[in-house]
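Please find below my notes on the model, set out as numbered points to be read alongside the coordinates. I begin with one pair of strands and widen the view from there.

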Amino acid sequence: MIRLDGQVAIITGSGRGLGAEYAHLLAASGARVVIHDAGVNKEGTGFDPDVAADVANKICQAGGVAIASDVLLDSRDNCRSLVGMTLEKFDRLDILIHNAGWVAYQSIPDLTPDFLQRAININIEAPTWLAQAAFPIMKQQHYGRIVLTTSDRAIYQQYALSGLTAYAMGKMAQIGLMNVLAVEGKEHSIVVNAISPVAKTRMWNVQDEPEDLRPAQVAPGVLYLASGECRESGFILRASNGQFTACRWVERDNVDYPFNLAAVEVSTAEGLATRWQEIATDVAF
């Protein structure tokens, strides 16, 4: 049985849906949990402090330890304040799970700067500033686990949807962040991975408990990634309907990067056109 006794976890966006399931499971496994949620509406605006407080209260009533934070993660200072509050309360930070997200649609012709910036704030800037604030603590402890969130809607063209440009960009950016943090954290025993979850939540306009694609079916994957049992970085754990598969990009054999890609050699665009079928091979991921 995986236990997190004595550990402290921040889970962003944990007042509802997937994040709430993560929080309940980590708390039941012994972690002291910071429930972060500003209680915004589906449009990404508004504010409701009761959303985070309600989950924290339920965990405490069940015998766990949890506190609530409703800070908006819209600036570097606010991200730092969330980590700072955690240190003031618990004097350590072992686990950072960035689950907070926002899904909305604008096609490329209609995309506005404000819309794009909102997606950048929650999907790129927030996890970056949170990781920046958490890293010194985890380095000092010589231990840490960071779980970011990506999406099949970004990774696979076959699942991409029109209008999800801003969302997909942000979710792919977290893969790049994961890879670099994994390198920077390796010598300090900081393990960094990403979850790619599928679940019927408010994002799907589902309010009641669904019969399938339940958030609770994803949560065990996050518990594993957040635990000491997980010792490898750079994986994307796809989770859907109680099934899991882990994958990551790995360079081909015999590559001497960047001088020799062990690939097709051509010197002209015409050569590329002639040998395109040989060059553009699909790789299962």
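1. In this predicted model, strand β7, which covers residues 236-240, pairs with β8 in the antiparallel sense, and 5 bridges connect the two. Within this pairing, L237 has A246 of β8 as its bridge partner.

2. The hairpin that β7 and β8 make has 2 residues between the strands, and N241 adopts a positive phi near 60° there.

3. Turning to the whole sheet, 8 strands build an open arrangement with mixed pairing, and their order reads β3-β2-β1-β4-β5-β6-β7-β8. Its edges are formed by β3 (65-69) and β8 (243-247), each of which pairs on one side only. From one strand to the next, the twist averages 20°.

4. A parallel counterpart to the hairpin is found where strand β5 (residues 144-149) meets strand β6 (residues 190-198), the two being joined by 6 bridges. Here R145 has V191, in β6, as its bridge partner. Helix α4, spanning residues 113-141, packs on the sheet and touches β1 (8-12), β4 (95-98), β5 and β6, while its direction makes about 180° with that of β4.

5. My last point concerns the surface: which residues form a nonpolar patch there? They are V266, L272 and W276, and together they have about 270 Å² of accessible area. Of these, L272 belongs to helix α8, residues 269-274. L272 counts as partly exposed because its relative accessibility is 36%, which falls between the limits of 20% for buried and 50% for exposed.

How values were computed
Residues are numbered from 1 along each chain as its sequence is written. This is a predicted model: local features need pLDDT of at least 70, side-chain atom pairs count only at pLDDT 80 or more; totals for chains, interfaces and linings use all residues. Side-chain values use heavy atoms; hydrogens and water are left out. Two strands pair if DSSP finds at least two bridges between them. Helices (H or I, at least four residues) and strands (E, at least two) are DSSP runs, numbered from the N terminus. Axes are lines fitted to C-alpha atoms, for helices over the stretch in contact, and angles run from 0 to 180 degrees between N-to-C directions. Contact means heavy atoms within 4.5 Å. Patches are made of residues with over 30% relative accessible area and no salt bridge: like charges are joined within 9 Å, nonpolar side chains (Val, Leu, Ile, Met, Phe, Trp, Tyr) within 5 Å. Accessible areas come from the Shrake-Rupley method with a 1.4 Å probe; for residues, only the protein chains shown count as cover. A salt bridge is a side-chain nitrogen of Lys or Arg within 4 Å of a carboxyl oxygen of Asp or Glu. Buried means under 20% relative accessible area, exposed over 50%, partly exposed in between (1.4 Å probe, protein chains only).
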